[in-house]
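Hi,

Here is the structure I promised to pass on. Have a look, and then read my notes underneath.

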Amino acid sequence: MIYFPIHDADGSQGVPLRPLSADTFENFLNTAPAAQRAWIEGAGFKAESGQVCALPGDDGAVEAWVFGMQTRGWLNQLAAIVPKLPEGDYRLDCDWSREQRLLAIRLEAEDRAHGLIRLHG
């Protein structure tokens, strides 16, 4: 797979995808804006493997998506969430190395057979 970053008109590379584990979820909630905390709690998001939740921005539009991580098998993290995301461009917003990001995106792309979702490392 060849990696081509595609930039939106405003220079960004798609909607951020932020992985959360059970260990990082509590800290995330403590630092998230009140509106996002309320949204996450209302949606029942608990950072369980395969869960996804949109995060609203100040303007009410989707600012980012968070997803629950598996405890093992980081390479397959994206396979469980891609069918749950709406069509669009996304980028991983996390501390994974560039190699981990690209490998996870490549494995996800090989498994995916539907939709118009592009992931950028």
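Below is what turned up, going from the strands to the cores and then to one loop residue.

First, a caveat: this is a predicted model.

Let's start with β3 (62-68). Strand β1 (residues 15-20) runs parallel to β3, with 4 bridges between the two; Arg18 has Val66 as its bridge partner there. β2 pairs with β3 as well, but antiparallel and through 5 bridges, with Pro56 opposite Val62. The β2/β3 hairpin has 5 residues between its strands, and Gly60 has a positive phi there, near 90 degrees. Of the 7 residues in β3, 5 are buried, so the strand is largely enclosed by the rest of the structure.

Now the packing. The largest nonpolar core has 13 residues, and Leu17, Phe67 and Leu92 are the ones that touch the most other members. At least two residues of this core come from β3, and at least two from β4 (88-92). A second core, separate from that one, has 12 residues, including Phe28, Leu29, Ile40 and Phe45. Leaving aside residues up to four places away in sequence, Phe67 has a long contact list; among them are Leu17, Phe45, Ile81, Leu92 and Trp96.

One backbone oddity to check in your viewer: Ala47, in the loop between α2 (34-43) and β2 (52-56). Its phi is positive, near 65 degrees, and it isn't a glycine. Most residues other than glycine have a negative phi. Is Ala47 buried or exposed? Its relative accessibility is 5%, and the cut-off for buried is under 20%, so Ala47 counts as buried.

Cheers

Methods
Residues are numbered from 1 along each chain as its sequence is written. This is a predicted model: local features need pLDDT of at least 70, side-chain atom pairs count only at pLDDT 80 or more; totals for chains, interfaces and linings use all residues. Side-chain values use heavy atoms; hydrogens and water are left out. A nonpolar core is a set of buried Ala, Val, Leu, Ile, Met, Phe, Trp, Tyr and Cys residues joined through side-chain atoms within 4.5 Å. Buried means under 20% relative accessible area, exposed over 50%, partly exposed in between (1.4 Å probe, protein chains only). Contact means heavy atoms within 4.5 Å. Two strands pair if DSSP finds at least two bridges between them.
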